Amino acid sequence: AVFSGRASRGEFWWFILFNFLVAIALSFLSLFSANLHTWVSYGWDLAILVPMLALGVRRLHDANLNGWLIVIPSVLTYGGNICIQLFAMDDIQRFAAYVQANSTPDGYPGDISTTLGITAIFGVLMLVGSILWLVFMCLPSKAAGARFDKAPQQNFQDQGHASGDQTMPNNPGGDYQQPNFRQAG
């Protein structure tokens with residue numbers, strides 16, 4: 001869950017492959033219990049949320065982009081999914097149960113068209129968010145992305161100064177501050 005530095009395309013896609021393999025393994029839980037599969041899948045998704053966002057930010061850094069851009073596809077993808085779960089899933093399940101019991105959607109007492117419209121809108125938002133994730137994560141590495149790397153900390157003891165204070169040899173006042181070259185240009 002480190003948000004600083006950079007991540008290569010390979011690092012990102014190996015993580016995706018691992019996550020895909022875990023998702024396949026979790027799908028076998030549905031053979032035993034659909035409820036167990038649902039809760040374990042939600043737990044896994046929650047467990048990898050922060051590492052996934054951190055990896056996405058580092059991947060954007062590698063492409064020389066600001067890591068905050070990850071908010072756009074994340075909100076579209078995760079927000080759309082959450083909205084479908086909250087606002088539409090119960091109605092869709094009731095409609096499916098009605099159709100299964102009656103073998104026809106005729107006579108359904110609810111308004112399924114509004115539910116399907118909401119699902120379509122949030123589904124499109126999820127699709128757009130997923131495409132943005134894919135595009136951002138496929139961007140090539142750029143050397144200028146090194147600006148997001150951590151600057152190495154200088155230790156005055158390593159430079160032959162025994163005291164470790166921030167005084168320079170020809171500055172007896174002791175008020176020397178290290179220059180910040182990252183702000184200079």
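**Figure 1. Overview of the predicted protein chain.** Of the 185 residues that make up the protein chain, 23% count as buried. The model shown here and in the views that follow is a predicted one. The protein chain contains five helices and zero strands, and its elements, read from the N terminus on, follow the order α-α-α-α-α. When contacts between residues at least 6 apart in sequence are considered, 71% of them join residues at least 24 apart. The accessible surface of the protein chain amounts to about 12500 Å², and 65% of this surface belongs to carbon and sulfur atoms.

**Figure 2. The largest pocket and the residues that line it.** The largest pocket of the predicted model has a volume of about 870 Å³. Its lining is made up of 22 residues, of which Asp45, Ile48, Thr77, Tyr78 and Asn81 are the closest to the pocket centre. Four helices, namely H1 (9–27), H2 (34–62), H3 (71–87) and H5 (112–138), each supply at least two residues of the lining of the largest pocket. Helix H2 gives the most to this lining, with eight residues. Sorted by class, the lining of the largest pocket holds 14 nonpolar residues, seven polar residues and one charged residue.

**Figure 3. Salt bridge between arginine 6 and aspartate 62.** The structure holds five salt bridges, and one of them brings together the side chains of arginine 6 and aspartate 62, with a distance of 3.9 Å from N to O. Because arginine 6 lies in the segment before H1 whereas aspartate 62 belongs to helix H2, this pair ties together parts that are 56 residues apart in sequence. The two partners can be described separately in terms of accessibility: arginine 6 counts as partly exposed, at 31% relative accessibility, while aspartate 62 counts as buried, at 7% relative accessibility.

**Figure 4. Salt bridge between arginine 58 and glutamate 11.** In this view, arginine 58 forms a salt bridge with glutamate 11, and the closest N and O atoms are 2.8 Å apart. The pair links distant parts of the chain, given that arginine 58 is in helix H2 and glutamate 11 is in helix H1, 47 residues apart. Arginine 58 has a relative accessible area of 13%, and with buried defined as under 20%, this residue is therefore buried. Its partner glutamate 11, at 36% relative accessibility, counts as partly exposed.

**Figure 5. Salt bridge between aspartate 62 and arginine 59, and the network around it.** Aspartate 62 also appears in a salt bridge with arginine 59, in which the closest N and O atoms are 2.8 Å apart. Both residues belong to helix H2, and because they are three residues apart there, about one helical turn separates aspartate 62 from arginine 59. Aspartate 62 is buried, and arginine 59 is buried as well. Through salt bridges that share partners, Arg6, Arg59, Asp62 and Asp149 are joined into one network.

**Figure 6. Surroundings of histidine 37.** Histidine 37 has its place in helix H2, and at 22% relative accessibility this residue counts as partly exposed. Once the neighbours within four places in sequence are left aside, histidine 37 is in contact with Leu26, Ser27, Leu29 and Ser30. For one of these partners, serine 27, the C-alpha atom is separated from that of histidine 37 by 6.8 Å, the two residues being 10 residues apart along the chain.

**Figure 7. Asparagine 64, a residue with a positive phi.** Asparagine 64 lies in the loop between H2 and H3. Although asparagine 64 is not a glycine, its phi is positive, at about 65°. With a relative accessibility of 22%, asparagine 64 counts as partly exposed.

**Figure 8. Serine 103, in the loop between H4 and H5.** The loop shown in this view, which runs between helix H4 (89–102) and H5, contains serine 103. Serine 103 has a positive phi of about 60°, although this residue is not a glycine. At 66% relative accessibility, serine 103 counts as exposed, because that class covers values over 50%.

Technical notes
Residues numbered from 1 in each chain as written. Predicted model: local features only at pLDDT ≥ 70, side-chain atom pairs only at ≥ 80, totals over all residues. Heavy atoms only, no water. 1 Å grid on protein atoms, 1.4 Å probe; cavity = no way out; pocket = protein on both sides within 12 Å on 5 of 7 lines; lining within 4 Å. Points joined across faces, edges and corners; volume = space filled by probe spheres on them. Nonpolar A, V, L, I, M, F, W, Y, C, P; charged D, E, K, R; others polar. Salt bridge = Lys/Arg side-chain N within 4 Å of Asp/Glu carboxyl O. Buried < 20%, exposed > 50% of the residue type's maximum accessible area, 1.4 Å probe, protein only. Contact = heavy atoms within 4.5 Å. Areas by Shrake-Rupley, 256 points an atom, 1.4 Å probe, with all protein chains shown as cover.
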